[in-house]
2 protein chains.
Amino acid sequence: MSTTDATTKSNAEGAESAGSVEGAEDAATEPSSQVASIDQQEPEAGGRAMRADAKRNYDKVVAAAREAFAETGVSASLEAIARRAGVGIGTLYRHFPTRQALLEAVYVGELRQLCSATEQLLALPPWESFVALSHTLVGYLATKKALAHELMNYVDRDAAFFRTCRSDLFLAGEPILSRAQEAGVLRTDTDFAEIIQLIGGIAKIEETAPGQREHILDIALDGLRRQPS
Amino acid sequence: MSTTDATTKSNAEGAESAGSVEGAEDAATEPSSQVASIDQQEPEAGGRAMRADAKRNYDKVVAAAREAFAETGVSASLEAIARRAGVGIGTLYRHFPTRQALLEAVYVGELRQLCSATEQLLALPPWESFVALSHTLVGYLATKKALAHELMNYVDRDAAFFRTCRSDLFLAGEPILSRAQEAGVLRTDTDFAEIIQLIGGIAKIEETAPGQREHILDIALDGLRRQPS
DNA sequence: TACTATACGGAGGCTGCCTCCGGTTTGTCA
DNA sequence: TGACAAACCGGAGGCAGCCTCCGTATAGTA
C-alpha cells in the first residue's frame with residue numbers, strides 16, 4: 001500500500017467550487033480584474049462569504065494554474081503555480097487541498113464556457129448540428145488535452161462535483177442528440193454518455209498528421225449516422 | 001548532451017492511474033524463464049554481449065516493472081521496482097536511464113506476444129478478421145491501460161525504438177486490413193496508422209458500464225465498413 | 001589462479017508534495 | 001475611528017521519489 005494517496009480522496013466536497021468564466025484561455029495575464037466576475041464561488045459549507053484577500057488569491061491561483069497546466073501539462077509543479085500566482089504554497093493548499101481540486105476549479109470555467117457556446121448550434125439542421133457539436137467537443141478537448149486527459153477519466157466517478165459538471169455537458173449536448181435521433185439521422189442504440197466517451201477517446205489521439213483527428217472523427221460519425229437500410 | 005536527461009522530468013505524475021487493476025493476467029512470477037526470450041535486447045551500441053549477472057538483473061527488473069506497472073500504474077516508484085526486483089536503484093538506472101526506457105522494455109515483450117497472436121485471424125473471412133483484430137487490440141490495450149495510455153502517445157515519436165515496435169504492429173495488422181479493403185468491405189480512405197490511432201483512443205475509454213467499450217468500438221467499425229452505396 | 005573490464009548498490013543531493021503554526025490582515029462593532 | 005477576533009498568509013520542515021556518482025564486488029579470460 002502506502003503509495004499513491006493522492007489518487008483517492010477526490011475531496012471535491014465543496015461541490016460548487018467553481019472557476020473563472022472569463023475569456024480565452026491564455027488571456028488571464030491580469031487575473032484579478034477579469035477573473036473576478038464569478039459569483040457562485042466555493043463558499044464554505046456554511047455559506048459565509050470569502051474574505052476579499054482570500055478571494056483575490058483564489059483567483060490568482062486559478063489563473064496561474066490554468067496557464068501552468070496549459071504549458072507544462074497536468075503535472076506542473078504546484079509550488080511553481082504558487083510562485084507564479086505570487087502566493088505561498090500554504091495558500092494554494094488551503095484553497096485546493098489536492099491537485100485534483102485545482103484541476104477541477106480550472107475545468108469548471110472552461111466547461112461552462114464550452115457549454116454555453118454550443119447552444120447556437122441548434123440553429124443548424126439536426127445532423128449538421130450534431131456533427132458540429134462533435135467537432136467542437138473534440139477540438140476543445142484536444143486543445144485542453146492536458147486537462148482533458150486527466151479529467152475525462154473522472155467523468156464517471158461518483159464525486160458529486162463531477163455530476164454537476166457532467167450535467168452541464170449533458171444539458172448542452174442532449175437536445176442536439178435527441179433532435180438528431182428523432183429526425184432519424186442518428187442511430188438510436190446509443191446515448192450521449194456513450195458518445196461523450198467516444199469523443200473523449202478521439203480527442204486523446206495524438207495527431208501524426210494535421211487533420212487526422214478530424215478525419216478519424218468523421219469515420220466515427222459515419223458509424224453513428226443512421227444507415228438508411 | 002549536457003543535461004539531456006535532466007530535461008525529461010517525465011515524472012508522469014498526472015497518470016495516477018487510479019487503476020487498481022485486476023490481477024496479473026498471466027504469471028510473470030518466474031521472470032527469467034519467459035522474459036528471457038527476447039533476443040534483440042538492448043545490447044550496448046557496440047554489440048558486446050551482456051554479462052550473465054547483468055542479464056539476470058535486467059530480466060528481474062523488467063519482470064518487477066511489469067508487475068508494478070500493472071498494479072500501481074505507470075507512475076509506480078522506480079525505487080519500489082528496484083526493491084521488488086531485489087536490485088539496487090543504481091542497477092535499475094544503468095539498464096533503464098529513464099522511466100520511459102523501462103516502459104518500453106516491458107512493452108516490447110507484450111507487443112511481440114500480441115502480434116504473434118493475430119496471425120491466426122487471417123483464417124477468418126476478410127471483414128470478420130478485421131473486426132476480430134480490432135477487438136483484440138482494443139481489449140489488449142484496455143487491459144494494459146496503464147502502459148497503453150503512456151505509450152500510445154509516443155507511437156508517433158521518432159524514437160528509433162518505436163519505429164521497430166510500430167513495424168511489428170503494422171506487419172501483424174496490415175495484411176488483415178489490406179485484405180478487407182481489397183474485398184471491398186472496408187473503406188479505402190484510411191490506413192492502418194489511422195485505425196490504430198482510433199483503436200488506441202477507444203481503448204483509453206473508461207467504461208461506465210460493462211461492454212460499453214466494445215459497443216463503442218462496434219459503432220466505430222460501422223463507420224469503417226464500406227457503405228454499399 | 002590472477003587480473004581487468006564490467007556490473008552492483010546505496011549514499012547523497014535535489015525537487016516536489018503536503019502539513020503545521022506563528023505572524024499578518026480584514027472586516028466588524030462599539 | 002480604534003480595537004479586536006476571526007480569517008488568512010506564507011514558508012519552514014518532514015517525507016518521498018528522482019537521478020548521479022563512485023567505491024566495492026564479480027564474471028569471464030588468459
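Okay, so the surface near DNA strand D: by class, it has nine nonpolar, eight polar and nine charged residues. Ala, Val, Leu, Ile, Met, Phe, Trp, Tyr, Cys and Pro count as nonpolar, Asp, Glu, Lys and Arg as charged, and the others, Gly among them, as polar. "Near" here means that a residue's C-beta atom, placed from the backbone, lies within 6 Å of the strand.

Before I go on, this is a predicted model, where local features need pLDDT of at least 70, side-chain atom pairs count only at pLDDT 80 or more, and totals for chains, interfaces and linings use all residues. Residues are numbered from 1 along each chain as its sequence is written, while chains are lettered from A and ligands numbered from 1 in the order in which they are written.

Back to strand D. It has 26 residues around it, and the closest are A:Asn57, A:Val87, A:Gly88, A:Gly90 and B:Ala52. Which helix gives the largest share of that surface? That's α4(A), with four residues. Helices, by the way, are DSSP runs of H or I, at least four residues, and strands are runs of E, at least two, numbered from the N terminus.

Now DNA strand C. Here there are 25 residues around the strand, and A:Ala52, B:Asn57, B:Val87, B:Gly88 and B:Gly90 come nearest. α5(B) gives the most to this surface, four residues. The classes here are ten nonpolar, seven polar and eight charged.

Let's look at chain A as a whole. How many helices and strands does it have? Ten helices and zero strands. Of its 229 residues, 40% count as buried, meaning 20 or more other C-beta atoms within 10 Å of a residue's own (exposed is 12 or fewer, partly exposed is in between, and C-beta atoms are placed from the backbone).

How far can we trust chain A? pLDDT is the predictor's confidence in each residue, from 0 to 100. The chain A mean is 74, and 69% of its residues reach 70 or more. Confidence is lowest in α1 of chain A (residues 31-35), with a mean of 32, and highest in α10 of chain A (residues 212-224), at 96.

Last stop, helix α6 of chain B, residues 99-118. Its 20 residues reach 29 Å from first C-alpha to last, close to the 28 Å expected at 1.5 Å a residue; that expected span is 1.5 Å times one less than the number of residues. Its buried residues include B:Leu102, B:Leu103, B:Val106 and B:Tyr107.
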